[in-house]
Amino acid sequence: MAIAVNILLGLIILIHLYIVWFEMFAWTSRGPKVFRSFSKDLFPKTKTLAANQGLYNAFLVAGLVWTFVIHDVVWKTNVSLFFLSCVSIAGVYGALTAERKIFFVQAMPAIIALVLILIK
């Protein structure tokens, strides 16, 4: 079970590293291709806001990476639960407010990891 959780954590870290890059550095170039339902003139106007969101995602990445260096099992579990909960909530909120596929890309892997941690 621990191996599955670590694989999911690694996957979630990679997904969020992509989100960091996308929101901080590729918002105006890739944004219109990813969020086709949004007006193209929205992206230059919201570049700073997107970069701010990217920074928050970088903090999620840092927290999830931190779980790999914690040796105390209880502490590692609690930190993992906290950051995975943050990712899950952000993914659900993004799915409700921006694009439904965010639930499957961001929230679903985190929810699965949460369940695996809680049932072990």
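**Entry 1: Ala90 and Ile89**

I looked up Ala90 and found this residue partly exposed, with a relative accessible area of 31%. I note at the outset that I am reading a predicted model. Ala90 belongs to helix α5. I then took the spacing from Ala90 to Ile102: the two residues are 12 apart in sequence, and their C-alpha atoms are 9.1 Å apart in space.

I turned next to Ile89, for which the assigned element is also helix α5. Is Ile89 buried or exposed? Ile89 counts as exposed, because its relative accessibility is 60% and the exposed class begins over 50%. I also checked Ile89 against Phe43, and recorded 24 Å from C-alpha to C-alpha for a pair 46 residues apart in sequence.

**Entry 2: Ala98 and Lys47**

I located Ala98 in the loop between α5 and α6. I classed Ala98 as partly exposed, given its relative accessibility of 32%. Along the chain, 61 residues separate Ala98 from Ser37, whereas I read 9.3 Å between their C-alpha atoms.

I placed Lys47 in helix α4. With 46% relative accessible area, Lys47 is partly exposed. For Lys47 and Val34, I noted a separation of 13 residues along the chain and of 15 Å between the C-alpha atoms.

**Entry 3: the salt bridge**

How many salt bridges does the structure hold? I recorded 1 salt bridge. The partners are Lys45 and Asp41, and I read 3.5 Å between their closest N and O atoms. I looked up the accessibility of both partners. Lys45 has a relative accessible area of 65% and is exposed, whereas Asp41, at 43% relative accessibility, is partly exposed.

**Entry 4: the largest pocket**

I then examined the pockets. The largest pocket holds about 770 Å³ of space. I recorded that α1 (2-25), α2 (27-34), α4 (47-66), α5 (73-97) and α6 (101-119) are the elements giving two or more residues each to the lining of this pocket. Which element gives the largest share of that lining? I found that α4 does, with 6 residues.

The lining of the largest pocket comprises 26 residues. I listed those that lie nearest the centre of the pocket: Glu23, Phe35, Gln53, Ile102 and Gln106. Ile102 is the residue that I had paired with Ala90 at 9.1 Å, C-alpha to C-alpha. By residue class, I noted 18 nonpolar, 6 polar and 2 charged residues in the lining of the largest pocket.

**Entry 5: the second largest pocket**

For the second largest pocket I recorded a volume of about 160 Å³. The elements contributing two or more residues to the lining of this pocket are α1 and α5. Which residues line the second largest pocket? I wrote down Ala2, Val5, Asn6, Leu9, Ile70, His71, Val73, Lys76, Thr77, Ser80, Ile117 and Lys120. I found this lining to divide into 6 nonpolar, 4 polar and 2 charged residues.

**Entry 6: a nonpolar surface patch**

Last, I looked at the surface for nonpolar side chains. Which residues form a nonpolar patch there? I identified Met1, Val115, Leu118 and Ile119 as forming such a patch, and together they have about 410 Å² of accessible area. I assigned Ile119, one of these residues, to helix α6. Ile119 has a relative accessibility of 55% and therefore counts as exposed.

**Entry 7: recapitulation**

I close with the readings to carry forward. The largest pocket, at about 770 Å³, has α4 as the source of the largest share of its lining. The second largest pocket, at about 160 Å³, has both α1 and α5 giving two or more residues to its lining. The salt bridge joins Lys45 and Asp41, and the nonpolar patch includes Ile119.

How values were computed: Residues numbered from 1 in each chain as written. Predicted model: local features only at pLDDT ≥ 70, side-chain atom pairs only at ≥ 80, totals over all residues. Heavy atoms only, no water. 1 Å grid on protein atoms, 1.4 Å probe; cavity = no way out; pocket = protein on both sides within 12 Å on 5 of 7 lines; lining within 4 Å. Points joined across faces, edges and corners; volume = space filled by probe spheres on them. Helix = DSSP H or I, 4+ residues; strand = E, 2+ residues; numbered from the N terminus. Nonpolar A, V, L, I, M, F, W, Y, C, P; charged D, E, K, R; others polar. Patch = residues over 30% accessible without salt bridge, like charges linked within 9 Å, V, L, I, M, F, W, Y side chains within 5 Å. Areas by Shrake-Rupley, 256 points an atom, 1.4 Å probe, with all protein chains shown as cover. Salt bridge = Lys/Arg side-chain N within 4 Å of Asp/Glu carboxyl O. Buried < 20%, exposed > 50% of the residue type's maximum accessible area, 1.4 Å probe, protein only.
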